[in-house]
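Please look through the sequence and the fold below before reading on. The text then goes from the core outward to the ligand and the loops.

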Amino acid sequence: MSSPVREIELVWHDLVPRLLTVARTGRITPRMARITLTGDDLDTFAYAAPEDHVKVFFPAPGAELPVMPTLGEEGFEPPGPGDPQPIFRDYTVRYVRRDQREIDIDFALHGHGPGASWASAAQPGQRLGVLGPRGSYLKPLTFDWYLVAGDETALPALGAWLEQLPADVPVHAFAEVAGPAEEQPLVISPATTLTWLHRGAGQSLGTALADFTPPAGDGYIWVAGEATALKPIRRHLRTLGVPRDFVEVDGYWKRGITNLDHHDADE
Ligand SMILES: Cc1cc2nc3c(=O)[nH]c(=O)nc-3n(C[C@H](O)[C@H](O)[C@H](O)COP(=O)(O)OP(=O)(O)OC[C@H]3O[C@@H](n4cnc5c(N)ncnc54)[C@H](O)[C@@H]3O)c2cc1C
């Protein structure tokens, strides 16, 4: 029997900047905040895939409003040297409720930087800018198995992957967090195996994925997390016989680097 044709489709969205208001804040775990944002124009918010993400624009310390992005023909244009400088970071869209004009974003509270600092003290009524999503990568849902893995910054996308994959397809999921208190409730199907890895106990994505044996059939691999730690993981996963197009290893942040403003995907 021949394999089905599988292609990744990129769907572009109109790039819309929105000034949103914090409706609610909460903690999923001690070091992961869920911030619910509301705005009248969220009824047209584009969302189509687990990794859909936005640029979030934060107010400078002491300011009420963020400097919002300037858009040009190519999309978001970085400001000139004399212009007000927006402060922005990439975040995954965890949930969208268009009818209620709400979106949720989950922030890892790692203790540094404008994103984590803002989220740790966020209060209802505060304002935040959101740009995007610019596009959605639609991955085929017809693979025989999936491997999805990541650290705290990848948990919003990983959680969405687990919710959006077909319930009967085997999914091997690995989530690396600081310790047991950082395990968060994720919806998993009976065909999913979810393994929590605790850094505090010496466990890591690197060692867990080095032992991963691909099941029979065609698979898709998605891994995201700290860029440097992902390098050996990327090298290893590319030796497993899965076509390169179907092995995605994405650096979501880089230790010691402020605002990694690109996906560190191909180093
Ligand atoms: C496509 C995409 C989607 C993302 N989705 C999410 C998401 O949904 N939730 C989320 O929390 N993050 C997410 N991230 C990661 C987030 O953009 C980065 O962690 C970002 O650096 C956070 O900004 P900051 O202002 O908190 O820290 P920065 O000012 O960027 O960095 C300050 C310092 O903190 C370090 N640092 C940054 N992130 C972490 C971390 N997680 N743990 C420990 N140290 C860190 C940096 O290396 C630097 O030394 C995503 C990134 C990408 C590319």
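The paragraphs below take up the cores, one helix, the ligand and two loop residues.

This is a predicted model, in which local features need pLDDT of at least 70, side-chain atom pairs count only at pLDDT 80 or more, and totals for chains, interfaces and linings use all residues. Residues are numbered from 1 along each chain as its sequence is written, and side-chain values use heavy atoms, leaving out hydrogens and water.

In soluble globular proteins, nonpolar side chains tend to be buried together. A nonpolar core here is a set of buried Ala, Val, Leu, Ile, Met, Phe, Trp, Tyr and Cys residues joined through side-chain atoms within 4.5 Å; buried means under 20% relative accessible area, exposed over 50%, and partly exposed in between (1.4 Å probe, protein chains only). The largest such core has 41 residues, of which F174, L209, I221, W222 and L237 touch the most other members. Elements giving two or more residues to this core include β12, α3, β15, α4 and β16; helices (H or I, at least four residues) and strands (E, at least two) are DSSP runs, numbered from the N terminus. Leaving aside residues up to four places away in sequence, L209 touches L147, A149, F174, V223, I233, H236 and L237, where contact means heavy atoms within 4.5 Å. A second, separate core of 23 residues includes L42, V93, I103 and I105.

Helix α4 spans residues 227-237, and its buried residues are A227, L230, I233, R234 and L237. These lie on the same side of α4 because they cover an arc of only 110 degrees around the axis, taken from the directions from the helix axis to the C-beta atoms. Their cover includes β12 (145-150), α3 (205-210), β15 (219-226) and β16 (247-253). At the N-terminal end, E226 caps α4 with a side-chain oxygen 3.1 Å from the backbone nitrogen of T228.

Which residues are closest to the ligand? They are D90, A108, G115, K254 and N259, out of 25 that surround the ligand (a heavy atom within 4 Å). A backbone N or O atom of K254 lies 2.7 Å from a ligand oxygen atom, and a polar side-chain atom of R89 lies 2.9 Å from an oxygen atom of the ligand. The protein covers 91% of the 910 Å² of accessible area that the ligand has on its own (Shrake-Rupley method, 1.4 Å probe).

Most residues other than glycine have a negative phi, and most peptide bonds are trans. R101, in the loop between β8 (95-97) and β9 (102-108), has a positive phi near 55 degrees. R101 counts as partly exposed because its relative accessibility is 32%. A cis peptide bond joins G132 and P133, with omega about -5 degrees; P133 is in the loop between β10 (127-131) and β11 (135-138).

Methods
Polar contact = N/O pair within 3.5 Å; in protein donor to acceptor, adjacent residues only side chain to side chain.
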